[in-house]
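Hi there,

Here is the structure I promised to pass on. Have a look at it first, and my notes follow below.

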Number of protein chains: 2
Amino acid sequence: MKKRAASDPRKRKGLTIVHTGDGKGKSTAAFGLALRAAGNKMKVFILQFMKGQWKAGERKMFSQMEPMVEFEAMGDGFTWDTNNPEQDRQTASKAWEIVKPKILSGDYPVVILDEINYVLNYRFLDEDEVLDTLRNKPESVHVICTGRNAPPALIELADLVTEMKCVKHPFKEQKIPAQKGIEF
Amino acid sequence: MKKRAASDPRKRKGLTIVHTGDGKGKSTAAFGLALRAAGNKMKVFILQFMKGQWKAGERKMFSQMEPMVEFEAMGDGFTWDTNNPEQDRQTASKAWEIVKPKILSGDYPVVILDEINYVLNYRFLDEDEVLDTLRNKPESVHVICTGRNAPPALIELADLVTEMKCVKHPFKEQKIPAQKGIEF
């Protein structure tokens, strides 16, 4: 009976979650979910598609959470060069080839594809390939996709979509520079 | 010269940040900021105004981050009873009396007032008292206020406001129950 309950799709359903919009908090909320999952002894894999955002405090904290949290940061050894779309596509593919088997393995109940929306929007990754993988992921796996301009087909497929909307931004309106511990 | 740079308001400005809206990620993004700040060796104080949300994975992880992260959860020993507004006001006041000196002390570069928007919206706390404290906080302190229906005066005062907007929600539309590691 217990087994039946566990396999009941109404009880356990790996969600595809999208954080999009022009506001703050898309990645930060995903990292908060990583924290929550790790606290529940659920393994988390984070792939950071964008370069150089990992000088942040998160990196240090996630390092301390290993092995519950594993991450791969594209800033290390990968380069993006939007003047060279072919190279960008190769960079994106390399990143995808790292994370796709992590999603499909079922070993990580939570997988974060940080800034993948950006990568999809710029067509650096094949949308169908990504969507197929999300459709065929193990039932138990939650995947969180972050970034501006999530493609409509991803929003359509997703279970949970939140738009982070910028209502007021100090760095634009008040010319206050980015603050350590908040922005990085 | 160094001292002047440090006191230059363009260099260092404690932000008042609001996460509001009907979508997910308001508290989660605040907790992600806590993670980032702690990783930058900035002390964080979290006051959770709402009851009983601290069976979550965050609690375990934040416990491991002590003393960089300190938290006070109103679920422990405090009770909310919306049939008894007077008692609710007392509960809110007790919580506020804990966190107000933490904000004003300057000992915590990051203070999270989780679900305070809800409490202000229901008038369980005096709005002027809270806004005055935010106006008079030490220059170096960032305060993050989360919850639905942030009062207009708080939005007006805040430096950074993000609305988390629900675009799609599985538990409402697809009758999927809340998922461990995601919802709690």
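The contact between the two chains takes 56 residues from chain A and 56 residues from chain B. Please keep in mind that this is a predicted model. About 4,900 Å² is buried between chain A and chain B, and carbon and sulfur atoms give 60% of that area. If you want a place to start looking, try A:R36, A:K168 and A:I182: together they supply 16% of the area that chain A buries against chain B, more than any other three residues.

How are the two copies related? A turn of 180 degrees with a shift of 0.0 Å along the axis lays chain A on chain B, with an RMSD of 0.0 Å. The copies are therefore related as by a two-fold rotation axis. The interface fits in with this topic too: 100% of the interface residues of chain A are also interface residues in chain B, so the copies meet through the same surface.

I also looked at a pair of helices within chain A. The axes of α2(A), residues 26-39, and α3(A), residues 57-65, come within 12 Å and cross at roughly 15 degrees. Angles under 35 degrees count as roughly parallel, so α2(A) is roughly parallel to α3(A). The crossing in which α2(A) passes α3(A) is left-handed. On the α2(A) side, the contact is made by A:F31, A:A34, A:L35 and A:A38, while α3(A) brings A:E58, A:F62 and A:M65. Six residues of this contact are nonpolar, none is polar and one is charged.

Happy to hear what you make of it.

Best wishes

Notes: Residues are numbered from 1 along each chain as its sequence is written. Chains are lettered from A and ligands numbered from 1 in the order in which they are written. This is a predicted model: local features need pLDDT of at least 70, side-chain atom pairs count only at pLDDT 80 or more; totals for chains, interfaces and linings use all residues. Side-chain values use heavy atoms; hydrogens and water are left out. Axes are lines fitted to C-alpha atoms, for helices over the stretch in contact, and angles run from 0 to 180 degrees between N-to-C directions. Helices (H or I, at least four residues) and strands (E, at least two) are DSSP runs, numbered from the N terminus. Angles under 35 degrees count as roughly parallel, over 145 as roughly antiparallel, 65 to 115 as roughly perpendicular and the rest as oblique. A crossing is left-handed if the near helix is turned anticlockwise from the far one by less than a right angle, and right-handed if clockwise. Contact means heavy atoms within 4.5 Å. Ala, Val, Leu, Ile, Met, Phe, Trp, Tyr, Cys and Pro count as nonpolar, Asp, Glu, Lys and Arg as charged, and the others, Gly among them, as polar. Copies are superposed by least squares on the C-alpha atoms of residues with pLDDT of at least 70 in both. Buried area is the accessible area (1.4 Å probe) that two parts lose on being put together, summed over both.
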